[in-house]
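Open the structure in your viewer and keep the selection panel at hand. Each stop below names what to select next and what is there.

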Amino acid sequence: MFAIVRMHDLFAIVMLLSIYGFLCASFFMVMDAVDVAFTEAAVGIGISTLLLLSALTLTGRFEKKQRHKPLLAVFSVAITASLLIYGTLQMPPFGSAYAPAHQHIATHYITQSLGETGIINIVTSVLASYRGYDTLGELIVIFTAGMGVLVLLRGATSPAKDSEGKSKRVTSKQPVPMKQHAILRIVSKMLIPLILLFALYVQFHADFGPGGGFQAGVIFASVIILYVMIFGLRATQKTISLAWLEFLSALGVLIFGSVGLLSLLFGENFLDYNMLSSDPVQAQHLGIFVVEIGVGITVAATIILIFMTFTGRMADRGGQQ
Amino acid sequence: MNFFELFNYWVVMLLMMTGLYILIAHGNFVKKIIGLSIFQTSLYIFYISMAKVTGAIAPIIQQGVELYSNPLPHVLILTAIVVGISTTALALALVIRIKQAYGTIEEDEIQAMDEEP
């Protein structure tokens, strides 16, 4: 961990960060947070490492040595640390069932959610139903971040390309990466359908076990990213074009939002699913199912979109140099 | 007061301060983002370790089990992880644009360039 602070080779740091992500995922598993462990495993180990690596290829691998002594930083960090330690002295002990965090609304979720939504996995029902509003907001944040990346990285290149009079993205001959690595290509060909199947299982199994839109979305995205890495961006774009991804990432938010609006139209509160069917439990079930699909679509599409924009940028640079 | 009862908070604090230190003391933007993501992860650990109840099982309802860990922090962190990765991606995109505009991603070099006129 502390090697990350000292080292100047950013590549090694990213690798260490990936190991750290794996440790975190294992820790979440031990702490009973299975859904979170799922997501962290896919995001922390896979996607964030890849994004950082592709950013490194564009910005350079080594950090410059510091010229000034970081005394002030050490000082302010030490002050913050001592304040935080002082704060923890009043915290409830680890693992206590009587901690304030477990008292207020969590007990309602644990005791009532099965009766109200008919879903075994409490995390899913809280995510999509009780706190649906939050989740919608977060989905919009993800969507906006994806669009921001697009605007920053793709919009900026096009004027330059116009001035050169030709589009690099189309003309640049990008050799298919990993052509020599037969083992990688064959193994990934076998693995990709299996992981896709697993992602769908995670998506639709959210009612009965750990799973849901966020987890399935990142797993799905990581498969496509694997495909991009092994077979190249151009092969992937034949199947999934960027325009489609943009459409899909908006579609997910649209599905989520329109379920909410639908309930408004029926005179209920926003994102109250009870009107979807005559039986409230059935209605909740349906609402959660639809919303989770929306979440899955947006998350998967946005993350693939971000990754493709990064790699597309690298291909552009490769063509120019 | 037992030392181990508060141990989880101190681990979180240590990680958080590591992240904060990287954020303040290092000039390289990619490294700053890495520091920020360590800071972020320490918060995930904080929430998840608060949700743990000794002797409880994961919050998936089973027959004959009374004690579950708190599902609410799990929900919050689940979404936070995915939001975190997309904001990290946005930050990295900004860094790439800075590299394109200035040719460097070291903080002090950029400042020197800006002051030059």
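Start with chain B. Of its 117 residues, 57% count as buried, where buried means under 20% relative accessible area, exposed over 50%, and partly exposed in between (1.4 Å probe, protein chains only). Chain B has 4 helices and 0 strands. Helices (H or I, at least four residues) and strands (E, at least two) are DSSP runs, numbered from the N terminus. The order in chain B, from the N terminus on, is α-α-α-α.

This is a predicted model, in which local features need pLDDT of at least 70 and side-chain atom pairs count only at pLDDT 80 or more, while totals for chains, interfaces and linings use all residues. Residues are numbered from 1 along each chain as its sequence is written, chains are lettered from A and ligands numbered from 1 in the order in which they are written, and side-chain values use heavy atoms, with hydrogens and water left out.

Now switch to chain A. It holds 14 helices and 0 strands. Of its 321 residues, 45% count as buried.

**Stop 1: H6(A) against H3(B)**

Select residues 122-130 of chain A, helix H6. This helix is mostly covered, with 8 of its 9 residues buried. Among the buried ones are A:Ile122, A:Val126 and A:Leu127. Add helix H3 of chain B, residues 71-102. The axes of H6(A) and H3(B) come within 9 Å and cross at roughly 60°. Axes here are lines fitted to C-alpha atoms, for helices over the stretch in contact, and angles run from 0 to 180 degrees between N-to-C directions. H6(A) and H3(B) are therefore oblique to each other. For the cut-offs, angles under 35 degrees count as roughly parallel, over 145 as roughly antiparallel, 65 to 115 as roughly perpendicular and the rest as oblique. The crossing of H6(A) and H3(B) is right-handed. A crossing is left-handed if the near helix is turned anticlockwise from the far one by less than a right angle, and right-handed if clockwise.

**Stop 2: H11(A), with two partners**

Keep H3(B) on screen. Add helix H11 of chain A, residues 213-231. H11(A) and H3(B) pack at an angle of about 30°, with their axes 10 Å apart. That makes H11(A) roughly parallel to H3(B). H11(A) passes H3(B) in a left-handed crossing.

Next, select H10(A), residues 182-204. The axes of H10(A) and H11(A) come within 9 Å and cross at roughly 165°. That makes H10(A) roughly antiparallel to H11(A). The crossing of H10(A) past H11(A) is left-handed.

**Stop 3: a patch with A:Ile183**

Stay on H10(A) and pick A:Ile183. Is A:Ile183 buried or exposed? At 68% relative accessibility, A:Ile183 counts as exposed. Now add A:Ile186, A:Val187, A:Met190, A:Leu191 and A:Leu194: with A:Ile183 they make a nonpolar surface patch of about 600 Å².

**Stop 4: two contrasting residues**

Select A:Leu51 in helix H3 of chain A, residues 34-59. A:Leu51 is buried, with a relative accessible area of 4%. Then show A:Phe307. A:Leu51 and A:Phe307 are 256 residues apart in sequence and 6.7 Å apart in space, C-alpha to C-alpha.

Finish at A:Trp244, in helix H13 of chain A, residues 242-265. A:Trp244 is exposed, with a relative accessible area of 52%. Its C-alpha is 9.6 Å from that of A:Leu305, and 61 residues separate A:Trp244 and A:Leu305 in sequence.

Notes
Patches are made of residues with over 30% relative accessible area and no salt bridge: like charges are joined within 9 Å, nonpolar side chains (Val, Leu, Ile, Met, Phe, Trp, Tyr) within 5 Å. Accessible areas come from the Shrake-Rupley method with a 1.4 Å probe; for residues, only the protein chains shown count as cover. A salt bridge is a side-chain nitrogen of Lys or Arg within 4 Å of a carboxyl oxygen of Asp or Glu.
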